[in-house]
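Here are some short exercises on how a protein holds its ligands. Have the structure open as you work through them.

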Amino acid sequence: MNTGELVVTDLRVRRGGREVVHGVDLTVRPGEVTALLGANGAGKSSTVLAIAGLLREVSGTVTVNGETLKPGSPTRTRRVGIATVQEGHRVFADLSVADNLRIASLPLPSRERSAAVESTLELFEELRAMPTRLGGQLSGGQQQMLAIASALVAKPSFVVIDEMSLGLAPVIVQRLIPAIRAIIASGVGVLLIEQFTRVALELATTATVLAQGEVSLAAPAAELVANPDQLTRAYRLSEG
Ligand SMILES: Nc1ncnc2c1ncn2[C@@H]1O[C@H](COP(=O)(O)OP(=O)(O)O)[C@@H](O)[C@H]1O
Ligand SMILES: [Mg+2]
């Protein structure tokens, strides 16, 4: 159960010898979707990878449930309850759906694993119907479902999903939306990264827009839906 927020403060990330994220602040609350938006190259994935502990040249803090994480410790990040779904719906292509989820359940005590896999599959009936299908044989949408399910199996407090809808047909994205609603209803906080805003704003309570590695706007999602111009301006800052 979540007892607190995921708070990112003054996050700075260097990649390839230059700073690409310049002091980003954001908050994800339990039971809500926070959208992280921005054009291609704005620094969204760098922010995700830094939160996940997967980059080393990082400063600033990531605090969850009162614990502050040091950069570059992905195992500890997972242990404090932050799961990450990286860009490109990655799954183990040579393993079945069931085995992908079994591997994801390994951090749990052995007697809890199969129940955790079962309850996660309740969110994705489509996957439950094909436990023996190999990851590599799934459609892109099903792979994204499996990637999200794998992140959830170990019962994180927060899930960070990078580009959930990128490359998927709108009809497929619509099938993911109820799962995200069920995830937040269970109390998990979601940081949803999207380049295209419609789906993210439909789900989010608040939104943070990045432009050139800086926060150009942070506002309630409903405000941005009502003022699309404000959102367009925040995106444009990235075109310099
Ligand atoms: N592996 C890398 N090495 C060096 N620079 C990178 C690397 N990945 C991304 N960048 C640069 O970091 C900046 C932010 O990229 P990224 O975080 O991927 O943005 P987004 O996810 O918003 O598209 C871009 O200028 C990009 O070229
Ligand atoms: Mg990206």
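A residue counts as buried under 20% relative accessible area, as exposed over 50%, and as partly exposed in between. Keep in mind that the model is predicted.

**Exercise 1.** Find the protein donors of the magnesium ion (ligand 2) and place them in the fold.

*Solution.* Start at the ion: the protein donors are Ser-45, through OG, and Glu-87, through OE, at 2.1 to 2.8 Å. Next, locate them: Ser-45 sits in helix α1 (residues 44-51), while Glu-87 belongs to the loop between β6 (82-85) and α3 (97-104). The pair therefore ties together parts that are 42 residues apart in sequence.

**Exercise 2.** Classify Glu-87 as buried, partly exposed or exposed.

*Solution.* Take its relative accessibility, 33%. This value falls between the limits of 20% and 50%, so Glu-87 counts as partly exposed.

**Exercise 3.** Describe the surroundings of ligand 1.

*Solution.* First, list the neighbours: among them are Arg-15, Arg-18, Asn-40, Lys-44, Ser-45 and Ser-46. Sorted by class, the shell has 3 nonpolar, 6 polar and 3 charged residues.

Then look at individual polar contacts. A side-chain N or O atom of Arg-15 is 3.2 Å from a nitrogen atom of ligand 1. Oxygen atoms of the ligand are approached by a backbone N or O atom of Ala-42 at 3.1 Å and by a polar side-chain atom of Ser-46 at 2.6 Å.

Finally, consider coverage: on its own, ligand 1 has 550 Å² of accessible area, and the protein covers 65% of that. Both β2 (18-28) and α1 give two or more residues to the shell, with α1 providing the largest share, 3 residues.

How values were computed:
Residues numbered from 1 in each chain as written. Chains lettered and ligands numbered in written order. Predicted model: local features only at pLDDT ≥ 70, side-chain atom pairs only at ≥ 80, totals over all residues. Heavy atoms only, no water. Donors = N, O, S within 2.8 Å, 3.2 Å for Na, K, Ca; no water. Helix = DSSP H or I, 4+ residues; strand = E, 2+ residues; numbered from the N terminus. Buried < 20%, exposed > 50% of the residue type's maximum accessible area, 1.4 Å probe, protein only. Near = heavy atom within 4 Å. Polar contact = N/O pair within 3.5 Å; in protein donor to acceptor, adjacent residues only side chain to side chain. Areas by Shrake-Rupley, 256 points an atom, 1.4 Å probe, with all protein chains shown as cover. Nonpolar A, V, L, I, M, F, W, Y, C, P; charged D, E, K, R; others polar.
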